[in-house]
Amino acid sequence: MLPCLNKTLLGVECYGCGGQRAAVLLFQGHFKEAFIMYPAIYSLLIFAVFLIINIFYKFKGDFKIKIAFIFFNASIMIISYIIKMLQFYNLTN
C-alpha cells in the first residue's frame, strides 16, 4: 500500500486515510469492515460507476448529479474525519 504523506510527515491522518485498505477489504468481500475502515467507500464507488456510465451515455442534468455526488461524498469524508479525530484526541488526552 502507498503510505499517506500527511500521516508520514505530520503524524495526523488525512481525509483519504483508510481508502486503500477499504478498497482491498471491499474486493476481498469484507463489506462491513470496508465501511468501518472508510465510510465513504460505497458512495465513492457509486459515483465512480456513474462517471463511467456517463462517459458513454449522457444524462439530462448530469452536471447537477455530479455536483450533488461531490458534496455528498465530501460531507461523508468530513464527518467521518471529525469523528476519527475526536476519537484520536480523546485517546491521547
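**Cavity, pockets and a helix crossing**

The lining of the largest cavity is made up of 7 nonpolar residues, 1 polar residue and 1 charged residue. This comes from a predicted model, so everything that follows describes a prediction. The residues around the cavity are C14, Y15, C17, Y38, P39, M77, S80, Y81 and K84. As for volume, the largest cavity comes out at about 40 Å³. How many cavities of 30 Å³ or more does the structure hold? The count is 1.

Next come the pockets, starting with the largest one. The space inside the largest pocket amounts to about 220 Å³. Its lining takes in 14 residues, and those nearest the centre are L2, C4, C17, G18 and R21. Two helices, α1 (5–10) and α2 (19–27), each put at least two residues into this lining. Which helix gives the largest share? That is α2, with 3 residues. Sorted by character, the lining of the largest pocket holds 6 nonpolar, 5 polar and 3 charged residues.

The second largest pocket has about 180 Å³ of volume. Around it sit E13, C17, R21, I36, M37, P39, S80, I83, K84 and Q87. Some of these names turn up elsewhere. C17 and R21, for instance, are among the residues nearest the centre of the largest pocket, while C17, P39, S80 and K84 are also among the residues that line the largest cavity. On the helix side, α3 (31–37) and α5 (62–92) each bring at least two residues to the lining of the second largest pocket. The most comes from α5, which gives 4 residues. By character, the lining of the second largest pocket splits into 5 nonpolar, 2 polar and 3 charged residues.

Helix α2 shows up again in a crossing with α4. The axes of these two helices come within 10 Å and cross at roughly 75 degrees. Since angles of 65 to 115 degrees count as roughly perpendicular, α2 is roughly perpendicular to α4. Which residues make the contact? From α2 they are G19, A22, A23 and L26, and from α4 they are I41, Y42 and L45. The contact of α2 with α4 involves 6 nonpolar residues and 1 polar residue, with no charged ones.

One of the contact residues, A23, is worth a closer look. A23 belongs to helix α2. Is A23 buried, exposed or partly exposed? Its relative accessibility is 23%, so A23 counts as partly exposed, because that label covers the range between under 20% for buried and over 50% for exposed. A23 can also be placed against Y89: the two are 66 residues apart in sequence, and their C-alpha atoms are 26 Å apart in space.

Helix α4 runs over residues 41–56 and includes I55. With 58% relative accessibility, I55 counts as exposed, because the cut-off for that label is over 50%. How far apart in space are I55 and G11, C-alpha to C-alpha? The distance is 39 Å, for a separation of 44 residues in sequence.

The last residue in this tour is K64, which is part of helix α5. That is the helix that gives the most to the lining of the second largest pocket. K64 reaches 66% relative accessibility, so K64 counts as exposed. K64 and G18 are 46 residues apart along the chain, and 28 Å separates their C-alpha atoms. G18 has already appeared above, as one of the residues nearest the centre of the largest pocket.

Technical notes. Residues are numbered from 1 along each chain as its sequence is written. This is a predicted model: local features need pLDDT of at least 70, side-chain atom pairs count only at pLDDT 80 or more; totals for chains, interfaces and linings use all residues. Side-chain values use heavy atoms; hydrogens and water are left out. On a 1 Å grid over the protein atoms alone, a cavity is a set of points where a 1.4 Å probe fits but cannot get out, and a pocket is an open set with protein on both sides within 12 Å along at least five of seven lines; lining residues have an atom within 4 Å of a point. Grid points are joined across faces, edges and corners, and a volume is the space filled by probe spheres set on the points. Ala, Val, Leu, Ile, Met, Phe, Trp, Tyr, Cys and Pro count as nonpolar, Asp, Glu, Lys and Arg as charged, and the others, Gly among them, as polar. Buried means under 20% relative accessible area, exposed over 50%, partly exposed in between (1.4 Å probe, protein chains only). Axes are lines fitted to C-alpha atoms, for helices over the stretch in contact, and angles run from 0 to 180 degrees between N-to-C directions. Angles under 35 degrees count as roughly parallel, over 145 as roughly antiparallel, 65 to 115 as roughly perpendicular and the rest as oblique. Contact means heavy atoms within 4.5 Å.
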